[in-house]
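Trainee: Could we go through the interfaces of this model one by one, so that I understand what each label rests on?

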Amino acid sequence: MSWSSLQKTFFALILLAILVLGVHNTWTMSNLTSTVYTMQSTIDNLNSMLGNYTQRLEGYLTIAGSTTVLPIIQTCANLFMQENPGVVISVSGGGSGHGISAVSAGYINIGMSSKNLTTEQITDPDPDLQPVAIALDSVAIIVHPTNGFVDDLTLEEVEMIFNGTITDWSHFGGSGEIHVYTREAGSGTLECFEKFFMKHSDITGAASEKTSNGEMKATIASDPAGIGFLSVGYIDETVNPLKIDGVEPTVANIKTGAYKIKRWLFLITKGPPTKIEQAFIDFVLSSQGQEIVEQQGYLPLEWFQ
Amino acid sequence: MIGAQKEELIIKIILWIVSLISVSSFFVIFLYMFINGSRVISLEFLTTAPNPIFWTGGIFPQIIGSLYLVALCTVIAAPLGILTAIYLSEYAVDNLITKIARFFIVTLAGIPTIVIGLFGLAFLAYRLNLGISLFSAGVALSFLTIPWTITVSEEAMRAVPKEYREAALALGATRWQTTWHIVLKTAAPWIMTGILLGIGKALGETTIPLMCGGSGLETFIPRSLFEPVGSLPVYTFIFATQGNVSSAYDRAFGGSLVLILMFLLISVSSLIIRNRYQKKMRT
Amino acid sequence: MVNLEGKGGMKREGQRSLLEKAIEIILFVGALSSIIIVFLIIAYMSLEAYPALNLDFLLGWFWDPKKEMFGIFQIIVSTLYVGVGAILITTAIGVPTAIFLAEFCPRNVRNVIKPSIELLVGIPTIVLGFFGLMVVIPFIRDNFGGWGTSVLAGWMILAIMSLPHVISISEDALRAVPNSYKEAALALGATRWQTVKKVLLPYAKTGILASVLLALGRVMGETMAVTMVIGNPRVAWIPTSILDRAKVLTSTILLDWSYVEIPSMHYHSLFGIGLVLFFIVALIDVTATYMVKRGVIK
């Protein structure tokens, strides 16, 4: 009896596997483009066997790195996959440091970075890495929207808050402890923030670490006493970006140079890009891709050329 | 005696209250997830791909991805685990080497998942160049469940009374016949329960798929073992911590609820198998 | 075994023993490969961690990768603080619940509650972390002040995580006490509570303690739920109050792995943390297993 229950369970497992495969196939098939793709790939296989290989793109790309660049690439990837049904692209975060080290080691196809390879933070950069600038971005200081007592900070005040000299909102006429949030050490946003604001000192060790722009925004949006810094592409009504020396961090102000903080965003490949990598980078640099850059709240390249 | 009666009453009240607290804490969490999650779950949510740009869409690739991961993990862990358990309990001589092996296996059954995740990432994905993929994550998950499967299966086989084996051997059965017909047959439901619990463990595991499996937001089902795979726990983690719009939280609730339901389905079936077996043993 | 079967049917006997041999070899290969896997994990972790393992690493005060400082002493202390605190809460709630279920609970209520608690052993921790993020953290921030993300939040989430485990095993241990012991005490006029206190608890002591220790191991190795609620200050410190934030071993690995340069001292140190964590948890597990074995023999 007990043996037969074992058999039954195995049977059930096999059934489950068949079911899963069935659903998988139906789902894939129900997608018209996918059906076309299946047919197309059959034709391609035939073609390639006949030595008459067509130019259709096929394969997969893994892209990882800066969460600042992530929204642009995620959107581009979705459109790119629609246009090229033979390609799947997996986009994940991890931070600029991860993007650079992973692409340098060959674990991913394209690294996203919001820091330049030539900065001194990256010791011994891989000479094979080829960065391509795709857009510009800026970093804003953000607080909770209900934080009414601070709207405008000087560079020095920002530094004093983040290095732990000013620890209480009473300094600005509010009340309560200031909750300082920072980013992980590999972050390009952190690097940019430190370059412009933390000229003489380090960020306080008491600051809580967040590992992505998304997490930073979600945290500040839920902590009324919090202060942090964020890529301007992420700013929305859930957080309040502060003026620095009286200048608001808007796209217009960054474009004119009134808001001085500005940095380039990169896609990095190891060695010359392969055909499929090149096609994707070209897509991001095309007018369609640059439109996405602007839609997502970043600054397209052409404004600065 | 009156003192004792009074003490009894006080203790009883305290126990009632404490038990109420502990049982209600689960109840509250489950209810919270259920109320918030059930608003989100619809056929569309279950059958479409996520849209990570606007934090909308469904979880279909994640559900399938999770099932793929668990299936791959079980395909590796169950046979290896059972073979090892058979060898250790029925064949191996009790010497220093098997003792050390057993010691390591028991120790690894409690290994923190972050350690396996780190190993999977550094060794499987990077060193062996398997990439951030379904395969890396599935194999790493199986490392989580192999020690577990061995321990449970070996315990189950050792619980089979010695007399059963001796009777079979006395009747002229070979060692393998005894193992296959007597020991495995008797221990099968326990092994099954153990495997199912291992599946539950692998299903709810977040760290390993996060580190070696993929971003969790994949909009596609992997076409091969070496493509990245999205999984439900990672999806829930990303939506819960990174998208601070209400649609993202809603989806995180939906993902949590689906995950809880899948997990409960597995543990309920393992309990049913075990209880049926226990009843049979008693009668 | 073959020898016992007499001399009849030598040929069939030979085939049979060949099959037996083949099966034994297959089993051996299976066992060997899973044992190799187990050793591989430990060996690879040790190899990668080796350059970082020294006294500066274990007893160093600061963990600050940017300044090339890799001391994990404060992180270890924080981990113990968070883990042990959570387990004390679990024990304070879980063991009375187990006693209640085993002795004082109406039978039909128990028949519902016990299986439901068993179902919850190993519930996906991401769900608990999410609950902590949405409910526990705002609750602590609004009622106790501070950041919300705190040791207290970690304790609550971890206690909830380990409760089903402790309740379920402790209850089993209590019910494993032979009925005759209990009946004897009751026949002597002892009340139920006196019976529990004088007979059941001493008998089930090792089982309960082992379940608590095993839960401690799980709690210290838990990653996701803890990272979501514990706060993670940039430079780790030893928390001074339960509303302070903390950084634990698991969350350090999870936060740092993504940007670590390979290979670098930072990378080796992360493996070092993994190894330290593994040894702490293994030590606890082995102690618990030893206690169970001794308890069973007794």
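Trainee: What is the count of residue pairs in polar contact between domain 1 of chain B and domain 2 of chain B?

Mentor: In this predicted model, the count between domain 1 of chain B and domain 2 of chain B is 0 residue pairs in polar contact, where both residues must be at pLDDT 80 or more. By class, the side of domain 1 of chain B that touches domain 2 of chain B has 4 nonpolar, 2 polar and no charged residues.

Trainee: How do you know that these two domains of chain B touch, and how many residues of each are in contact?

Mentor: Contact requires heavy atoms within 4.5 Å, and 6 residues of domain 1 of chain B are in contact with 6 residues of domain 2 of chain B. About 590 Å² is buried between these domains, with carbon and sulfur atoms giving 87% of that area, while the C-alpha centres of the two lie 33 Å apart. The domain assignment places domain 1 of chain B at residues 1-37 and domain 2 of chain B at 43-282.

Trainee: What makes the pair B:R274 and C:E118 a salt bridge?

Mentor: The cut-off is 4 Å between a side-chain nitrogen of Lys or Arg and a carboxyl oxygen of Asp or Glu. The closest N and O atoms of B:R274 and C:E118 are 3.4 Å apart, which is within that limit, and therefore the pair is called a salt bridge. The count between chain B and chain C is 3 salt bridges, alongside 13 residue pairs in polar contact with both residues at pLDDT 80 or more.

Trainee: Which helix of chain B gives the most to the side that touches chain C?

Mentor: That is helix α1 of chain B, residues 2-38, with 18 residues. By class, the side of chain B that touches chain C divides into 54 nonpolar, 18 polar and 6 charged residues. Taking both chains, 78 residues of chain B are in contact with 81 residues of chain C, and the two chains bury about 7200 Å² between them, 82% of it on carbon and sulfur atoms.

Trainee: Why is the pairing of A:D202 with C:K67 called a salt bridge?

Mentor: The side chains of A:D202 and C:K67 meet at 3.3 Å, N to O, and because the limit is 4 Å for a Lys nitrogen and an Asp carboxyl oxygen, the pair qualifies. Between chain C and chain A the count is 3 salt bridges, and the rule finds 12 residue pairs in polar contact there, both residues being at pLDDT 80 or more. The side of chain C that touches chain A is made up of 9 nonpolar, 4 polar and 8 charged residues.

Trainee: Which residues of chain C lose the most area to chain A?

Mentor: Chain C and chain A bury about 2000 Å² between them, 49% of it on carbon and sulfur atoms. On the chain C side, C:W147, C:R234 and C:Y259 lose the most, together 37% of what that side buries.

Trainee: How many salt bridges does the rule find across the interface of domain 2 of chain A and domain 3 of chain A?

Mentor: The rule finds 0 salt bridges across that interface, whereas 5 residue pairs are in polar contact there, both residues at pLDDT 80 or more. Helices α3 (70-83) and α4 (96-104) of chain A each supply at least two residues of the domain 2 side, and that side divides into 6 nonpolar, 11 polar and 1 charged residues.

Terms used
Residues are numbered from 1 along each chain as its sequence is written. Chains are lettered from A and ligands numbered from 1 in the order in which they are written. This is a predicted model: local features need pLDDT of at least 70, side-chain atom pairs count only at pLDDT 80 or more; totals for chains, interfaces and linings use all residues. Side-chain values use heavy atoms; hydrogens and water are left out. A polar contact is a pair of N or O atoms within 3.5 Å; within protein, one must be able to donate a hydrogen and the other to accept it, and residues adjacent in sequence count only if both atoms are side-chain atoms. Helices (H or I, at least four residues) and strands (E, at least two) are DSSP runs, numbered from the N terminus. Ala, Val, Leu, Ile, Met, Phe, Trp, Tyr, Cys and Pro count as nonpolar, Asp, Glu, Lys and Arg as charged, and the others, Gly among them, as polar. Buried area is the accessible area (1.4 Å probe) that two parts lose on being put together, summed over both. Domain bounds come from an automatic or database domain assignment.
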